[in-house]
Amino acid sequence: MNGRYDLELTQCVRKLAIEAGFARVGIALAGPSSRDEALSRWLAEGRHAGMVWMARNLQARRDPGRLIPWAKSVICLAAGYRPADEPAGPEHIARFARGRDYHKILSRRCRALCDRIRAIAPEFSGRSFVDSGPVMERSLAALAGLGWIGRNGCLVCPGLGSYVLLCEIICNLPLKPDGPLASGCGDCGRCVRACPTAAIAADATVDARRCISYLTVEHSGDIGTEMRELVGCRVFGCDACQEACPHNRCGPTGDAELIRPHQAGLATLDELLAWDEEKWDAITRGSALRRADFQMLLRNAAIAAGNSGRTELLPILEKMADRHPRLATLISWAEKKLSS
Ligand code: B12
């Protein structure tokens, strides 16, 4: 113990985190984490689109110490998911969703890490989060020095790039915090220009209403004609702003467990178009693709087909229209687009 922080315990926790399979670990204080002004503006301007839950529990979201009153530190963790076959790969499913659902993999690792910390520090009490709960994961990771917030809003880890997924353990241990890193983005702006829908704002936040990731993963209603065209052949998520980033040009292959392909992540567009609900249910189990329900996935696949330029998909679309009358208008848009 040295003053307020336990340096020896901090070193042990770092070591255990790496042994638990995380590529990076850093510590933040359990205090205010978000750039309040940017978050408030984002919400006030409705850029969270239909994600109404983002506007709830704001006090806790801004400060993990409000979420968990006994918290002292946040152990921020990152795992890489850069595919082995970069830069190639199926464009229609974003990289984070090609393997097994990362929430399950990282949650299990966090639980194992908690057990190991408890074994050396019986007073340990902690709660882990993987994209769950009102937690600003990127801001906390930036505070903990895991990387910097890129121009596209993504956390960029030196040496790994932005193909990293984040999770954290909010705990009662007095761990020594790390400090934020300087930005490595300079005035590059490639990500901003690469975004097909101009969704990236000047303050490095994203307008979800325009973000293809939001439209294909979170949004369950119709996708308007202007956006349909811009979605291109993407069926689930979008990596355009990350693909353009020079920090992602090369780097180590991601975590073996995260990048091992899941059968859902391997599905071709032709296969997706032919799925019925039973098949969707069987194939997407254990995959992040399940975040989009069956209707959403079909909707996305029909849009991708319309934008694909592949006229051989016309008979498949015709069969699809018979099976899914609710999608008739969209399918007829796709057929017209292919025939024009
Ligand atoms: C809502 C959400 C989305 C929404 C909105 C995206 C957005 N940019 O806000 C949608 C559905 C569009 C989305 C898309 C994606 N997402 Co998402 N998403 C989230 C979620 C649940 C909340 C993000 C949030 O709070 N947004 C609100 C905005 C205002 O906050 P923010 O982007 O964090 O910005 C703050 C910081 O930048 C901070 N800040 C800026 N500079 C600095 C400097 C310092 C020092 C500090 C402390 C803070 C700071 O100020 C901002 C305001 O507070 C997080 C998980 C989580 N609980 O955090 C995952 C998360 C951000 N998503 C993730 C991923 C992988 C993606 C996609 C890449 C998926 C894909 N391929 O399709 C895209 C990327 C799009 C993009 N360029 O951001 C990862 C990001 C990993 C990384 N390396 O950054 C996260 C962390 C999930 C995870 N557990 O790994 N996502």
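## Ligand shell

By class, the shell around the ligand holds 27 nonpolar, 8 polar and 6 charged residues. The model is predicted. In this model, 41 residues surround the ligand. The closest are Arg 35, Ala 94, Glu 137, Ser 213 and Gly 237.

Which elements supply at least two residues each to this shell? They are helix H2 (36-44), helix H6 (137-143), strand S6 and helix H8 (212-218). H6 gives the largest share of the shell, 5 residues. Both domains take part: domain 1 (7-171) and domain 2 (190-339) each contribute at least three residues to the shell around the ligand.

## Domains and their contact

The protein chain is divided into domain 1 (7-171) and domain 2 (190-339). Taken over C-alpha atoms, the centres of domain 1 and domain 2 are 25 Å apart. The contact between them involves 41 residues of domain 1 and 44 residues of domain 2.

On the side of domain 1 that touches domain 2, the elements giving two or more residues are H2, S2 and H5. H5 provides the largest share of that side, 3 residues. The side of domain 1 that touches domain 2 has 20 nonpolar, 12 polar and 9 charged residues.

## Helix H5

Helix H5 covers residues 102-120, 19 residues in total. At 1.5 Å a residue, H5 should span 27 Å, and its end C-alpha atoms are 27 Å apart, so the expected and modelled spans agree.

Which residues of H5 are buried? They are Tyr 102, Ile 105, Leu 106, Arg 109, Cys 110, Leu 113, Cys 114 and Ile 117. The cover over these buried residues includes three strands and two helices. The strands are S2 (73-80), S3 (126-129) and S6 (164-171). The helices are H1 (7-19) and H11 (256-259).

## Strand S6

Strand S6 is mostly covered, with 8 of its 8 residues buried. In a regular strand the side chains alternate between the two faces of the sheet. On one side of S6, Val 164, Leu 166, Glu 168 and Ile 170 are buried. On the other side, Leu 165, Cys 167, Ile 169 and Cys 171 are buried. Both faces of S6 are therefore covered.

S6 pairs with S2 and with S3. S2 and S6 run antiparallel and are joined by 8 bridges. In that pairing, Ala 78 stands opposite Leu 166 of S6. S3 and S6 also run antiparallel, joined by 4 bridges. Here Gly 126 stands opposite Cys 171 of S6.

## Positive phi outside glycine

Asn 57 is not a glycine, yet its phi is positive, about 50°. Asn 57 is found in the loop between H2 and helix H3 (58-62). Is Asn 57 buried or exposed? Asn 57 counts as partly exposed because 14 other C-beta atoms lie within 10 Å.

Ala 204 is another residue other than glycine with a positive phi, near 65°. The loop between helix H7 (190-194) and H8 holds Ala 204. With 19 C-beta neighbours inside 10 Å, Ala 204 is partly exposed. The cut-off for a buried residue is 20 or more.

## Cys 191 and Ala 274

Cys 191 lies in helix H7. Cys 191 has 25 other C-beta atoms within 10 Å, so Cys 191 is buried. What is Cys 191 in contact with, leaving aside its neighbours within four places in sequence? The partners are Gly 150, Arg 151, Asn 152, Ile 200, Cys 241, Ala 244 and Cys 245. Glu 226 is 35 residues from Cys 191 along the chain, and their C-alpha atoms are separated by 21 Å.

Ala 274 belongs to helix H12 (residues 269-274). Ala 274 is partly exposed because 15 C-beta neighbours lie inside 10 Å. Ala 274 and Ala 71 are 203 residues apart in sequence. In space, C-alpha to C-alpha, Ala 274 and Ala 71 are 49 Å apart.

Conventions:
Residues numbered from 1 in each chain as written. Predicted model: local features only at pLDDT ≥ 70, side-chain atom pairs only at ≥ 80, totals over all residues. Expected span 1.5 Å × (residues − 1). Buried ≥ 20, exposed ≤ 12 C-beta atoms within 10 Å, placed from the backbone. Contact = placed C-beta atoms within 7 Å. Near = placed C-beta within 6 Å. Nonpolar A, V, L, I, M, F, W, Y, C, P; charged D, E, K, R; others polar. Domains from an automatic or database assignment. Pairing = 2+ DSSP bridges.
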